[in-house]
Amino acid sequence: NLSVVGQATPADPGVTQEVSFTFQLSNAGPIPSSGTVLSVVVPASATYVGSSATAGTFDLFDGAVVFSPGQVQPGASVLATVRMRLGGTAAVSVTATATANTGDPDPSNNTASVTVRAVRPSLEIERLSDGRVALTWPSGRVGLGLQQGGSPQGPWAAVPGTVDETPLGRRLVLDAGATARMYRLGP
């Protein structure tokens, strides 16, 4: 009697941030499951980064990571993790399905889906009373850095300066200067 449950870490990722989708395959039956396979579909809108498992082997085939833990004993579990980067802010569902050569009295719990939606982080710009500009954005958004440019088309370059970590996120205070600048969070 195989069952699959899943979760995503982090549950509220930023765009381009790596997300780990972990699925637990368990055997609640009275006998070992033989020829056990767990297939995790990688959505077209995500980029595959890597995989790991607590038992067996895995391979990437035609947009799915196929885990082969072999025989799963009664009461035992196997964890399978697929790491991906999400490309946009649309909801992404990742589905894992378990099969085995051994009969399963309840196949209705052999599939689990985990859905996440990547969030574009916000960038707040505030003009301070002394004429400087304070830029604030959320912490923890891997792969995104503060950039500046002269127009929406760029060119974009990293913003120099010392970034402070605050309870509200990251903060950088700059002299405003005479030239108008545009700021964004970009790769």
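Start by selecting L38. Leaving aside neighbours within four places in sequence, L38 is in contact (heavy atoms within 4.5 Å) with V4, F23, L25, V65, V66, F67, A80, A96, T97 and A98. You are looking at a predicted model, where local features need pLDDT of at least 70, side-chain atom pairs count only at pLDDT 80 or more, and totals for chains, interfaces and linings use all residues. Residues are numbered from 1 along each chain as its sequence is written, and side-chain values use heavy atoms, with hydrogens and water left out.

**The largest core**

Keep L38 on and add V4, F21, F23 and V40. Of the 26 residues in the largest nonpolar core, these five touch the most other members. A nonpolar core here is a set of buried Ala, Val, Leu, Ile, Met, Phe, Trp, Tyr and Cys residues joined through side-chain atoms within 4.5 Å. Buried means under 20% relative accessible area, exposed means over 50%, and partly exposed is in between (1.4 Å probe, protein chains only). Now colour by element: β1 (2-9), β2, β3, β6 (64-72), β7 (77-86), β8 and β9 each give two or more residues to this core. Strands are DSSP runs of E with at least two residues, numbered from the N terminus. As background, nonpolar side chains tend to be buried together in soluble globular proteins.

**The five-stranded sheet**

Next, show β5, β6, β3, β8 and β9 as cartoon. They make an open sheet in the order β5-β6-β3-β8-β9, with antiparallel pairing. Its edge strands are β5 (57-61) and β9 (111-117), each pairing on one side only. From one strand to the next, the twist averages 20°, an angle taken between the N-to-C directions of axes fitted as lines to C-alpha atoms, on a scale from 0 to 180 degrees.

Zoom in on β3 (residues 33-41) and β8 (residues 91-99), which pair in the antiparallel sense over four bridges. Two strands count as paired if DSSP finds at least two bridges between them. Pick V40, and you'll find A96 of β8 standing opposite.

**One aromatic pair**

Select F58 and F67. Are their rings stacked, edge-to-face or tilted? The centres are 5.6 Å apart and the planes sit at 45°, so the pair is tilted. For reference, rings of Phe, Tyr and Trp (its six-membered ring) pair if their centres lie within 6.5 Å; planes under 30 degrees apart count as stacked, over 60 as edge-to-face, and the rest as tilted. The structure holds one aromatic pair. Its two members sit in different accessibility classes: F58 is partly exposed at 31% relative accessible area, while F67 is buried at 2%.

**S20 and the E18–R83 link**

Move to S20 in strand β2 (residues 18-27). Buried or exposed? At 19% relative accessibility, S20 counts as buried. Beyond neighbours within four places in sequence, its contacts are Q7, A8, T9, T81, V82 and R83.

Follow that last contact. R83 meets E18 in a salt bridge, 3.1 Å from N to O. The rule asks for a side-chain nitrogen of Lys or Arg within 4 Å of a carboxyl oxygen of Asp or Glu. E18 is in strand β2 and R83 in strand β7, so the pair ties together parts that are 65 residues apart in sequence. Both are partly exposed, E18 at 27% and R83 at 26%. Add R85 as well: E18, R83 and R85 are linked in a network of salt bridges.

**On to the second core**

Now jump to V133, W137, V159 and L174. They are among the nine residues of a second, separate core. Show β11 (residues 133-137) and β15 (residues 169-174), an antiparallel pair with five bridges; L135 has L172 of β15 as its bridge partner.

On β15, also look for β14 (residues 164-166), which pairs with β15 in the antiparallel sense over three bridges. A hairpin joins β14 to β15 through two residues, and D164 stands opposite R171.

**Last stops: more salt bridges**

How many salt bridges are there? The count comes to four. Select R170 and E165, whose closest N and O atoms are 2.7 Å apart. R170 is partly exposed at 25%, whereas E165 counts as exposed at 52%. Finish on D130 and R132, a salt bridge with 2.8 Å between the closest N and O atoms. D130 is partly exposed at 49%, and R132 is partly exposed at 33%.
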